[in-house]
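Please open the structure in the viewer and keep the selection tool at hand. The stops below proceed from the whole chain to individual residues.

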Amino acid sequence: MTTRILMIVTSCNWMGNTDKPTGLWAEELAVPYYTLIDAGASVVIASTAGGKTPIDPGSVKALGENEPAVERMLADMALQAKLENTIPILDLNPEDFDAIFFPGGHGTMWDLPADRCVKAAVEYAFGKGKFIASVCHGAAGLVSAIRSDGLPMVHGKRVNSFTDSEEREVGLAGVVPFMLESRLRELGGIFVGGDNWHAFAIRDGQLITGQNPQSSAKVAEILLDAIGIDVCEWN
């Protein structure tokens, strides 16, 4: 039976009320997407609003200048069609999926935390023992979820995300609606991070979280291992 992954991306293309464009970070979708489908999983791409997901212009260079997974994404008409026509989360049943995966991009900071369908999907998955993975700012999709005991889902869990230090380094600490590392800590998460811009990911039970774009492959590989797909089978 094919493993089905629900990949939830942002629909937000501007950083709040600023003139700064944002959206999905290309590498954080492309690397996990191909890691998962090349291993035999099926990936459905959904977003908060449905339709076209914006791609952060800072994450895509001219053709021939991107890292291999992004080049593959740009040439992949089937994936491009999915990104042009993402499914509204409201139209999907979380029962149909084995795991949820949140790619990042700063857009996630504005729409994922407030979206009731994101919250419901994550809470359902957690309650059913399914895996929930995120890369970088994708962890914004975790911050509103509450467990059956009334505590935040991340409470007492080892978690990771784009760090406050990295946010300050890119000059957006005063632009984002909240600092993601700090929010996870405030919710009772046990934040475990790596050095800035180095690949780092951690699993605590059902939760698999990675720090930055460089961590995209690591998160997908940990998810495959958790599901029971041996990385050695497809490398």
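**The whole chain**

Begin with a cartoon representation of the entire protein, in which the secondary structure amounts to 9 helices and 9 strands. The radius of gyration is 16 Å, close to the 18 Å that the globule rule gives for 235 residues, so the protein is as compact as a globular protein of that length. The model is a predicted one.

With the C-alpha trace displayed, the extents along the principal axes are about 45 × 45 × 35 Å. Colouring by relative accessibility is a useful next step: 52% of the 235 residues count as buried. If contacts with a sequence separation of 6 or more are drawn, 75% of them join residues 24 or more positions apart.

Now switch to a surface representation. The accessible surface of the protein comes to about 9800 Å², and carbon and sulfur atoms supply 50% of that area. For the charges, select the 18 positive and 30 negative ones; the mean positions of the two sets lie 6 Å apart.

**Helix α2**

Select residues 68-75, which form helix α2. Which residues of α2 are buried? They are Ala 69, Val 70 and Met 73. These residues cover an arc of only 100° around the axis, which puts them on the same side of α2. On the face turned away from that buried side, the exposed residues Pro 68 and Ala 75 are found.

Add α1 (26-38) and α3 (77-84) to the selection, since the partners of α2 come next: the buried residues of α2 pack against these two helices.

**Pro 21, ahead of α1**

Move to the loop between β1 (4-9) and α1, where Pro 21 is located. Is Pro 21 buried or partly exposed? With a relative accessible area of 38%, Pro 21 is partly exposed.

Display the surroundings of Pro 21, leaving aside neighbours within four places in sequence. The contacts are with Asn 13, Trp 14, Met 15, Asp 56 and Pro 57. A distance label between the C-alpha atoms of Pro 21 and Gly 107 should read 8.7 Å, although the two residues are 86 residues apart along the chain.

**Two positive phi angles**

Most residues other than glycine have a negative phi. The next two selections depart from that pattern.

Select Cys 136 in the loop between β5 (131-135) and β6 (158-159). Phi of Cys 136 is near 60°, a positive value in a residue other than glycine. Cys 136 counts as buried, at 3% relative accessibility.

Then select Trp 197, which is found in the loop between β7 (190-191) and β8 (201-204). Trp 197 is not a glycine either, yet its phi is positive, at about 65°. Its relative accessibility is 28%, and Trp 197 therefore counts as partly exposed, the buried class being under 20%.

**Met 179, ahead of α7**

The last stop is the loop between α6 (164-169) and α7 (180-186), which holds Met 179. Met 179 has a relative accessible area of 16% and is buried.

Which residues are in contact with Met 179 once its neighbours within four places in sequence are left aside? They are Asp 164, Glu 167, Arg 168 and Ala 173. To finish, label the C-alpha separation between Met 179 and Phe 162: it is 9.0 Å, for residues that are 17 residues apart along the chain.

Definitions and conventions
Residues numbered from 1 in each chain as written. Predicted model: local features only at pLDDT ≥ 70, side-chain atom pairs only at ≥ 80, totals over all residues. Heavy atoms only, no water. Buried < 20%, exposed > 50% of the residue type's maximum accessible area, 1.4 Å probe, protein only. Helix = DSSP H or I, 4+ residues; strand = E, 2+ residues; numbered from the N terminus. Arc of directions from axis to C-beta. Contact = heavy atoms within 4.5 Å. Rg over C-alpha atoms; globule rule 2.2 N^0.38 Å. Areas by Shrake-Rupley, 256 points an atom, 1.4 Å probe, with all protein chains shown as cover. Lys, Arg positive; Asp, Glu negative; His and termini not counted. Charge placed at Lys NZ, Arg CZ, Asp CG, Glu CD.
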